[in-house]
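Please walk through this structure with me, one element after another, so that someone who has not met it before can follow how its parts are arranged.

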Amino acid sequence: CPALCECSEPAKTVKCVNRNLAAVPPDLPPYVRTLFITGTRLARLPAGAFPARRLPDLGALNLSGNHLQAVEAGALASLPALRQLDLSGNPLASLSPQAFGEAGSPLEELVLRGSLRDHAVLLSLAAVLQSGALRNLSRLELADNGLLLLPAGIFTALPALRQLDLSNNSLVSLRNVSFQGLGQLQSLDLSDNSLGVLRNDTLAQFRGLPALRHIDLGRNTWVCDCAVEDLVAWLKESDQVESKEALTCAYPDKMLGKALLKINSLDLNCSVPIDLPSQLQTSYVFLGIVLALIGAIFLLVLYLNRKGIKKWMHNIRDACRDHMEGYHYRYEINADPRLTNLSSNSDV
C-alpha cells in the first residue's frame with residue numbers, strides 16, 4: 001500500500017484522500033477495484049498513469065476535488081475493467097480526445113460535475129463522445145458547469161445512454177441539441193437552467209424516445225407568450241415530466257407565477273398570424289380595386305364632357321388645317337421662280 005494511502009484488501013479499495021500527492025502513486029496494489037485519489041495536488045494525468053498490467057481489476061476511479069487541469073492522450077486507456085470515472089470538481093483546461101485510447105473504453109458512468117468551465121474542454125469532451133470511444137456509457141453527468149449551449153451532436157454516438165444530467169447549468173436553448181439515437185434514455189434532468197421555451201422539434205424528439213419516462217424541467221425561466229403554446233399542449237398530454245404541476249411562468253410580469261398547465265389561449269391573447277404571401281395577395285387586390293375605380297372615374301369625366309372635347313378636337317383640326325395650307329402656299333411660291341420674283345416685287 002502506498003505510504004500516503006489507506007488500503008483494504010478485503011474491500012479491494014485504496015483511498016488516497018487529502019494527502020500531499022502530486023502524481024498517481026506508482027505502487028498501487030494490483031487487487032484494487034475501487035480507487036479514491038481526492039483532495040490532492042494532482043494537476044495532470046500523463047499517458048499510462050494507470051498501467052493496465054498492474055491494475056487489471058480497477059473498476060471505479062474517483063479523481064474528484066483535485067487540481068487536475070490536463071488529461072493527456074492515453075491517460076485512461078487500456079483499463080479493461082473500468083466502469084465508473086468521477087472527474088468532478090477539477091479545473092480542467094485540457095482533455096485529449098484520445099484520453100481513453102483509440103480502441104475505446106468499457107466505461108459506463110462518467111461524472112464531470114463542475115469540471116467543464118472552460119469552453120475548449122467542453123468541445124474536447126464533445127469530440128471524445130462523438131468519436132465512439134465511450135459507446136458503452138449509460139450515465140453521463142454534466143451538472144454545475146454553467147453551460148449556456150451544448151455543441152451540436154454531442155450525444156449522437158451514445159446508444160447505451162440511460163441517464164443524462166444537465167441540471168444546474170445556464171442552458172437557454174436546446175435547439176441545436178439532438179436526442180435522436182438515444183433509444184435507451186430513461187432519465188433526463190434539465191432542472192435549474194435558463195430555458196424559456198421548448199420548441200416543437202425538441203418536443204417531437206422527446207415523444208420519439210420510447211424509454212424516456214423521467215424529465216425534470218423544474219426551476220427554469222419559462223416565458224409565457226405565444227411561443228409557449230406547444231410546450232403547454234405537450235405538458236398536458238405527456239406523462240414524462242416529473243412534477244409538471246409546479247412549473248410556472250417567469251415572464252412577462254402579468255403571468256408571473258402562473259402554472260403552465262393552467263394557461264389557455266385567452267391568457268396569451270395570441271392573434272392568428274397572417275403569412276406574407278396572404279398579405280401581398282390582399283395588397284394586390286386592393287391596388288387593383290383602386291386602379292379600376294380611378295379608371296371608371298376617368299371614363300365618366302370623359303363621357304360627361306364629350307361635347308366640349310369634340311368641339312376642342314374640331315378647333316385643333318381647323319387650326320392644324322389652316323397652318324398646313326399656309327405652309328403649302330409658301331412652299332409653292334418658293335418652288336416657282338416666277339412666283340418668287342413676283343413675291344419679291346410685291347414685298348417692295
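**From the first hairpin to the helices**

Ser-8 stands opposite Thr-13 in β2, and this is a convenient place to begin reading the model, which is a predicted one. The two residues belong to a pairing in which β1 and strand β2, made of residues 13-17, run in the antiparallel sense and are joined over three bridges. The hairpin that β1 and β2 form has four residues between the strands, and within this hairpin Lys-12 takes a positive phi near 55 degrees.

Following β2 to its other neighbour, one finds that β2 and strand β3 (residues 34-38) pair in the parallel sense, with five bridges between them. Thr-13 has Thr-34 as its bridge partner in β3, while for Cys-16 the bridge partner in β3 is Ile-37. As background to these pairings, strands of a sheet pair through backbone hydrogen bonds, and they do so either in the parallel or in the antiparallel way.

The path continues from β3 to β5, since these strands also pair in the parallel sense, over three bridges. Here Phe-36 stands opposite Asn-62 in β5. Strand β5, which covers residues 60-62, is in turn joined by three bridges to strand β7, residues 84-86, and β5 and β7 run parallel. Asn-62 appears again in this step, with Asp-86 as its bridge partner in β7.

What is the order of the strands in the open sheet of ten strands? The order is β1-β2-β3-β5-β7-β9-β10-β11-β12-β13, and the pairing is mixed. At the edges of the sheet are β1 (6-8) and β13 (214-216), each of which pairs on one side only. From one strand to the next, the twist averages 5 degrees.

Another open sheet has three strands in the order β4-β6-β8, with parallel pairing. Its edges are taken by β4 (44-45) and β8 (94-95), each with a single partner strand, so one side of each is left without a neighbour in the sheet. Within this sheet β4 and strand β6, residues 70-71, pair in the parallel sense over two bridges, and Leu-45 stands opposite Val-71 in β6.

The loops between the strands deserve attention as well. A search of the whole structure finds three aromatic pairs, and one of them is the pair of Phe-155 and Phe-179, which is stacked, with 6.3 Å centre to centre and 25 degrees between the planes. This pair links distant parts of the chain, 24 residues apart, for Phe-155 lies in the loop between β10 (139-141) and β11 (163-165), whereas Phe-179 lies in the loop between β11 and β12 (187-189). The loop between β10 and β11 also holds Asp-144, a residue that has a positive phi of about 60 degrees although it is not a glycine. Further along, a cis peptide bond with an omega of about -10 degrees joins Tyr-251 and Pro-252, and Pro-252 lies in the loop between β15 (249-251) and α4 (265-268).

The last step turns to a pair of helices. Two packed helices are described by the angle between their axes and by the distance between the axes. How do the axes of helix α2, residues 200-207, and helix α3, residues 229-237, lie to each other, and at what angle do they cross? The axes come within 10 Å and cross at roughly 20 degrees. Since angles under 35 degrees count as roughly parallel, α2 and α3 are therefore roughly parallel to each other. The crossing in which α2 passes α3 is left-handed. In the contact itself, Asn-200, Leu-203, Phe-206 and Arg-207 in α2 meet Asp-230, Leu-231, Trp-234 and Glu-237 in α3. Sorted by class, this contact of α2 with α3 has four nonpolar, one polar and three charged residues.

Key:
Residues are numbered from 1 along each chain as its sequence is written. This is a predicted model: local features need pLDDT of at least 70, side-chain atom pairs count only at pLDDT 80 or more; totals for chains, interfaces and linings use all residues. Side-chain values use heavy atoms; hydrogens and water are left out. Axes are lines fitted to C-alpha atoms, for helices over the stretch in contact, and angles run from 0 to 180 degrees between N-to-C directions. Angles under 35 degrees count as roughly parallel, over 145 as roughly antiparallel, 65 to 115 as roughly perpendicular and the rest as oblique. A crossing is left-handed if the near helix is turned anticlockwise from the far one by less than a right angle, and right-handed if clockwise. Contact means heavy atoms within 4.5 Å. Ala, Val, Leu, Ile, Met, Phe, Trp, Tyr, Cys and Pro count as nonpolar, Asp, Glu, Lys and Arg as charged, and the others, Gly among them, as polar. Two strands pair if DSSP finds at least two bridges between them. Rings of Phe, Tyr and Trp (its six-membered ring) pair if their centres lie within 6.5 Å; planes under 30 degrees apart count as stacked, over 60 as edge-to-face and the rest as tilted.
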